[in-house]
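Dear colleague,

Please find below the structure that I am handing over to you. My notes on what was found in it follow directly after.

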Amino acid sequence: AKENGKNDFQIFMPYMLMKNLKKIEIEKNLKKAIEEDQFQLYYQPVISLSDMEIHSVEALLRWVLPEKGIISPLEFIPVAEESGFIVKIGEMVIEKAFLDMKEWEKKGIDYLHLAINLSARQFKTKFFENMVQKLIERYSIDPTKISFEITETGAVENFDVSLRILSFLCQMGIKFLIDDFGTGYSSLIYLKRLPIGGVKIDRSFITELENSKENRAIVEGIILMAHKLDLKVVAEGVETKKELEILKEVGCDFAQGYLFSKPLPKTEIEKLLIARKII
Ligand code: C2E
Ligand code: CA
Ligand code: CA
Ligand code: CA
């Protein structure tokens with residue numbers, strides 16, 4: 001046995017074991033996090049490229065651990081899905097976002113649309129659509145101002161269940177966007193059969209847009225195809241003026257990214273929402 005401390009332990013610990021320990025650690029703490037309400041929503045603005053005004057905000061979840069700092073949803077959402085906590089967390093996200101939206105409305109911000117992320121399994125859990133309907137009614141939210149973002153895989157696996165839930169919520173006026181579009185393996189044939197309002201082009205295609213012919217071709221292709229299918233297009237991860245220019249040139253509808261703003265806590269995003277124009 002060794003005595004020279006934690007560092008050696010980490011170096012020799014097999015990767016999978018590390019991952020599992022981390023997972024168990026997260027799982028153990030998620031329950032407490034829900035009970036103690038350690039979750040917070042950040043918001044990132046989405047800009048309409050026709051007038052350069054803020055059209056909507058995307059709610060992005062943060063787990064704020066006292067002392068330890070912020071944990072990314074990329075780390076805990078998969079664990080929450082496996083352990084079932086996603087049902088509670090998902091409901092809490094929707095409720096918090098609706099409450100914030102109501103508050104903004106009272107402050108005169110009445111134009112704002114809201115996008116909420118749903119993980120692949122989350123929206124197929126029992127009573128998901130009833131839960132959404134209940135919250136829409138309880139907070140008297142205009143459903144036509146709400147979009148849910150789901151991935152291609154999430155939309156297509158268990159297709160019949162997907163179709164039923166999307167159709168139900170769509171009839172209420174809620175829209176669905178395909179998130180990370182272009183990174184999945186799903187068939188357009190399937191997507192075409194779902195009531196989808198738009199696609200969000202994944203950040204990986206927007207990066208290097210000015211230097212990569214391939215990325216530009218892909219982005220142009222997606223936009224052309226989407227518009228023919230009557231779908232709106234949002235570009236994620238827009239970081240430079242040049243990227244923005246190209247996106248305008250090729251007819252993209254909406255853009256989102258650090259060029260405009262990082263995701264911000266409620267109190268900070270408010271100033272941007274009131275101004276409505278960032279650049
Ligand atoms: P996503 O839905 O693709 O969200 C976009 C991610 O890109 C966000 O990371 C955002 O902060 C980041 N981002 C935005 N603009 C830029 C940019 O210009 N440059 C770069 N480098 N990054 C940018 P975040 O907030 O860490 O979220 C990661 C993922 O976690 C999200 O990816 C989404 O899939 C998931 N997620 C976030 N909130 C929720 C939630 O409430 N529920 C569920 N189920 N998943 C969520
Ligand atoms: Ca998203
Ligand atoms: Ca993405
Ligand atoms: Ca994603």
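A donor is an N, O or S atom that lies within 2.8 Å of a metal, or within 3.2 Å when the metal is Na, K or Ca. With that term in place, please note that this is a predicted model and that the calcium ion (ligand 2) and the calcium ion (ligand 3) are separated by 5.8 Å.

The calcium ion (ligand 2)

Which protein donors hold the calcium ion (ligand 2)? They are E58 (OE), N117 (OD1), E149 (OE) and D179 (OD), at 2.1 to 2.3 Å from the ion. Along the sequence, these donor residues follow the spacing E-x58-N-x31-E-x29-D. Distant parts of the chain are linked here, since E58 belongs to strand β2 and N117 to strand β4 (residues 113–117), 59 residues apart.

The calcium ion (ligand 3)

For the calcium ion (ligand 3), the protein donors are D180 (OD), D202 (OD) and, listed twice, E236 (OE), and they lie 2.2 to 3.0 Å from the ion. The spacing of the donor residues in sequence is D-x21-D-x33-E. D180 is located in strand β6, whereas E236 is in the loop between β8 (232–235) and α11 (241–249), so this pair ties together parts that are 56 residues apart in sequence.

Ligand 1

Ligand 1 occupies the space of the largest pocket. There are 23 residues around ligand 1, and those that come nearest are Q44, R62, D179, E239 and Y258. D179, one of these nearest residues, is also a donor of the calcium ion (ligand 2).

Several polar atoms face one another at this site. A nitrogen atom of ligand 1 lies 2.4 Å from an N or O atom in the side chain of E239, and a nitrogen atom of ligand 1 lies 3.0 Å from an N or O atom in the side chain of Q44. In addition, an oxygen atom of ligand 1 is 3.1 Å from an N or O atom in the side chain of N117. Ligand 1 taken alone exposes 800 Å², of which the protein buries 84%. N117 is also among the donors of the calcium ion (ligand 2).

Which elements each supply at least two residues of the shell around ligand 1? These are β2 (53–65), α3 (73–83) and β6 (175–181). The largest share, four residues, comes from β2. Sorted by class, the shell consists of ten nonpolar, six polar and seven charged residues.

Yours sincerely

How values were computed
Residues numbered from 1 in each chain as written. Chains lettered and ligands numbered in written order. Predicted model: local features only at pLDDT ≥ 70, side-chain atom pairs only at ≥ 80, totals over all residues. Heavy atoms only, no water. Near = heavy atom within 4 Å. Polar contact = N/O pair within 3.5 Å; in protein donor to acceptor, adjacent residues only side chain to side chain. Areas by Shrake-Rupley, 256 points an atom, 1.4 Å probe, with all protein chains shown as cover. 1 Å grid on protein atoms, 1.4 Å probe; cavity = no way out; pocket = protein on both sides within 12 Å on 5 of 7 lines; lining within 4 Å. Sits in = over half its atoms within 2 Å of the grid points. Nonpolar A, V, L, I, M, F, W, Y, C, P; charged D, E, K, R; others polar.
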